[in-house]
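Colleague: Could you give me a close look at one part of this structure, and make salt bridges the topic? I'm a first-year student, so please take it slowly and connect the pieces as you go.

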Amino acid sequence: MRTLLIGGRGQLGTALRSQLGGDVVSPDRADLDLAHWNQVSERIRAWRPELVINAAAYNFVDRAEDEPE
């Protein structure tokens with residue numbers, strides 16, 4: 001099974017990646033930036049995953065409240 005693991009370089013993504021079998025695509029932010037929907041859509045079409053797991057997170061909770069965008 002081909003899996004696209006978004007956020008695979010973070011703490012949760014790293015733990016998930018070690019448990020997933022098959023073909024796992026785990027792009028870094030330069031290859032897949034969630035802030036750019038057109039890029040995300042393009043990459044999903046190109047990689048053709050059967051499963052998409054989004055483990056990406058913004059982990060600066062206090063800063064997130066000041067930066068809602």
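Modeller: Sure! Let's start with the term itself: a salt bridge is counted when a side-chain nitrogen of Lys or Arg sits within 4 Å of a carboxyl oxygen of Asp or Glu. Keep in mind that what you're looking at is a predicted model. With that rule, the count here is 3 salt bridges.

Before we zoom in, get your bearings. The protein chain has 3 helices and 3 strands, and if you walk along from the N terminus, the order is β-α-β-α-β-α. Its C-alpha atoms fill a box of roughly 40 × 30 × 15 Å along the principal axes. Of the 69 residues, 25% are buried. As for charge, there are 8 positive and 11 negative side chains, and the centres of those two sets are 10 Å apart.

Now for the first pair to look at: arginine 2 and aspartate 23. Their side chains meet in a salt bridge with an N to O distance of 2.4 Å. Arginine 2 belongs to strand 1 while aspartate 23 belongs to strand 2 (residues 23–25), so this pair ties together parts of the chain that are 21 residues apart in sequence. How covered up are the two partners? To answer that, you need the cut-offs: under 20% relative accessible area is buried, over 50% is exposed, and anything in between is partly exposed. Arginine 2 has 25% relative accessibility, so it counts as partly exposed. Aspartate 23 is at 37%, so it lands in the partly exposed range too.

Stay in strand 1 for a moment, because threonine 3 lies there as well. Its relative accessibility is 2%, so threonine 3 counts as buried. Which residues does it touch, once you leave aside neighbours within four places in sequence? Threonine 3 is in contact with Leu20, Asp23, Val24, Val25, Pro49, Leu51 and Ile53. Notice Asp23 among those contacts: that's the residue whose side chain forms the salt bridge with arginine 2.

On to the second pair, aspartate 33 and arginine 29. Their side chains meet in a salt bridge at 3.9 Å, N to O. Here the partners fall into opposite classes: aspartate 33 has 17% relative accessibility, so it counts as buried, whereas arginine 29, at 64%, counts as exposed. Where is aspartate 33? You'll find it in the loop between strand 2 and helix 2 (37–47). Apart from neighbours within four places in sequence, aspartate 33 is in contact with Gln39 and Val40.

Those two contacts lead us into helix 2. Its buried residues are Gln39, Val40, Ser41 and Trp47, and they pack against strand 1 and strand 2. So what comes right after the helix? Just past its end, arginine 48 takes a positive phi of about 50°.

The third pair is arginine 43 with glutamate 42, whose side chains meet at 3.6 Å, N to O. Arginine 43 has a relative accessible area of 24%, so it's partly exposed. Glutamate 42, with 46%, is also partly exposed.

That covers the pairs, but some charged residues sit elsewhere. Asp62, Glu65, Asp66, Glu67 and Glu69 gather in a patch of negative charge on the surface. Take aspartate 66 from that group: it is found in helix 3 (residues 61–66). With a relative accessible area of 64%, aspartate 66 is exposed.

One last stop, if you'd like to see how the chain brings separated positions together. Glycine 10 is in the loop between strand 1 (2–6) and helix 1 (11–19), and it counts as partly exposed at 33% relative accessibility. Glycine 10 and alanine 55 are 45 residues apart in sequence, yet their C-alpha atoms are 7.8 Å apart in space. For the whole chain, among contacts with a separation of 6 or more, 42% come from residues 24 or more positions apart.

Technical notes. Residues numbered from 1 in each chain as written. Predicted model: local features only at pLDDT ≥ 70, side-chain atom pairs only at ≥ 80, totals over all residues. Heavy atoms only, no water. Patch = residues over 30% accessible without salt bridge, like charges linked within 9 Å, V, L, I, M, F, W, Y side chains within 5 Å. Areas by Shrake-Rupley, 256 points an atom, 1.4 Å probe, with all protein chains shown as cover. Lys, Arg positive; Asp, Glu negative; His and termini not counted. Charge placed at Lys NZ, Arg CZ, Asp CG, Glu CD. Helix = DSSP H or I, 4+ residues; strand = E, 2+ residues; numbered from the N terminus. Buried < 20%, exposed > 50% of the residue type's maximum accessible area, 1.4 Å probe, protein only. Contact = heavy atoms within 4.5 Å.
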